[in-house]
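What follows is a walk through one protein model, from the spaces enclosed inside it to the strands and side chains that surround them. Please keep the sequence and the structure in view while reading.

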Amino acid sequence: MKKILMCVIILGVLVSIPSTVFAFSVKENFSMDTDLAERVEFGIKTSAVFFRDSNLDETGFNAMANVSYDIYKWLAVGLESGWTFCKVGNDNLGSPNINIIPLLGDIIIKPFHYELGYDAKLVPYAIVGLGGYFNFVTNDEELWKSDIDSSFAHKYGAGIDVFANRNLALNLEIAYVFSSTTLRATPDGGSQNSEKIDLDGLYLGGGVKGKW
């Protein structure tokens, strides 16, 4: 609960600070004009993942690629996928590795665009994602056999893009993703153990983006 609250607080700060510090033209940024010079955005990022389930090691790793399309200057839709790794820390389950292939459709809201000059700009955003986790396991111990269900996932986050020019940006993002699944593990010659695993996690990372 503390991590969820922290995520919500940081999300609000990321989106609201620029509008407080700088003078923005909200009317212009929320224009319904669709005549945009650059619409398609592609990005890659890596993140540390902090899981809350006691069956998992607290920290995991995530790498993602995303593509989005600007409908308006302040609104975009996107798709993201990649790989997340975490390790089960429960000996009753054989301590397997969980590999997650996320596939999420995103709605991205960019209410403020602060022009820094020379085509550089600062763009904070909020993001909501909906989709699935395609999960599979690998075992460190050969005597165990494990399998895991795929699961529904939803994401809530915020970030900042710092454009060095019209086409290249550095990105920072924080997000919380909710998902849960069932892990089944069977020791050699033993009975099956089954456990519900919460894959909820706080993602904190950054990367680069290109826009055309």
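In this predicted model, the largest cavity holds about 150 Å³ of space, and it belongs to a set of three cavities of 30 Å³ or more. Rolling a probe the size of a water molecule over the atoms shows where empty space is left. Which residues lie nearest the centre of the largest cavity? Of the 19 residues that line this cavity, those nearest its centre are Glu41, Asn66, Ile108, Ile127 and Lys209. The lining draws on several strands, since β1 (40-51), β2 (59-72), β3 (75-87), β4 (97-109), β6 (120-138) and β9 (168-178) each contribute at least two residues to it. Sorted by class, the lining of the largest cavity is made up of nine charged, six nonpolar and four polar residues.

The second largest cavity has a volume of about 120 Å³, and its lining comprises 14 residues, with Asn62, Met64, Lys155, Val177 and Tyr203 lying nearest the centre. Two or more residues of this lining come from each of β1, β2, β4, β9 and β12 (201-211), and β9 gives the most, with three residues. By class, the lining of the second largest cavity divides into seven nonpolar, four charged and three polar residues.

These strands belong to a chain that contains two helices and twelve strands. Read along the sequence, the two helices come before the strands, in the pattern α-α-β-β-β-β-β-β-β-β-β-β-β-β. Of the 212 residues of the protein chain, 45% count as buried.

Strand β1 is a useful place to examine how the side chains are arranged. How do the side chains along β1 divide between its two faces? They alternate, in that Glu41, Gly43, Lys45, Ser47, Val49 and Phe51 point to one face and are buried, whereas Val40, Phe42, Ile44, Thr46, Ala48 and Phe50 point to the other face and are not buried. Glu41, which is among the buried residues of β1, is also one of the residues nearest the centre of the largest cavity. The C-alpha atom of Glu41 is separated by 9.5 Å from that of Ala76, although the two residues are 35 residues apart along the chain. Ala76 has its place in strand β3, and it counts as buried because its relative accessible area is 1%, under the 20% cut-off.

The pairing of β1 with other strands can be followed next. β1 and β2 pair in the antiparallel sense over eleven bridges, and within this pairing the bridge partner of Phe42 is Val67 in β2. Eleven bridges also join β1 to β12, and these two strands likewise run antiparallel; here Ile44 has Val208 of β12 as its bridge partner. Both Phe42 and Ile44 point to the face of β1 whose side chains are not buried.

A further set of pairings centres on strand β10. Strand β7 (residues 144-148) is joined to strand β10 (residues 180-187) by five bridges, and the two run antiparallel, with Asp147 standing opposite Arg184 in β10. Six bridges join β10 to strand β11 (residues 193-198), again in an antiparallel arrangement, and the bridge partner of Ser180 in β11 is Asp198.

The aromatic side chains add another set of contacts, for the structure holds five aromatic pairs. A pair of aromatic rings is described by the distance of the centres and the angle of the planes. The rings of Tyr156 and Phe178 have their centres 6.1 Å apart and their planes at 70°, so this pair is edge-to-face. The pair links distant parts of the chain, as Tyr156 lies in strand β8 (residues 151-163) and Phe178 in strand β9, 22 residues apart. Are these two rings' residues buried, partly exposed or exposed? Tyr156 is partly exposed, with a relative accessible area of 36%, and Phe178 also counts as partly exposed, at 21% relative accessibility.

Elsewhere, ring pairs link Phe61, Trp83 and Phe85 into a cluster. An aromatic ring also meets a charge in this model, as the charged end of Lys121 sits over the ring of Phe163, 5.3 Å from the centre of that ring.

Notes
Residues numbered from 1 in each chain as written. Predicted model: local features only at pLDDT ≥ 70, side-chain atom pairs only at ≥ 80, totals over all residues. Heavy atoms only, no water. Pairing = 2+ DSSP bridges. Helix = DSSP H or I, 4+ residues; strand = E, 2+ residues; numbered from the N terminus. 1 Å grid on protein atoms, 1.4 Å probe; cavity = no way out; pocket = protein on both sides within 12 Å on 5 of 7 lines; lining within 4 Å. Points joined across faces, edges and corners; volume = space filled by probe spheres on them. Nonpolar A, V, L, I, M, F, W, Y, C, P; charged D, E, K, R; others polar. Buried < 20%, exposed > 50% of the residue type's maximum accessible area, 1.4 Å probe, protein only. Phe/Tyr/Trp six-rings, centres within 6.5 Å; stacked < 30°, edge-to-face > 60°. Lys NZ or Arg CZ within 6 Å of the ring centre and 35° of its normal.
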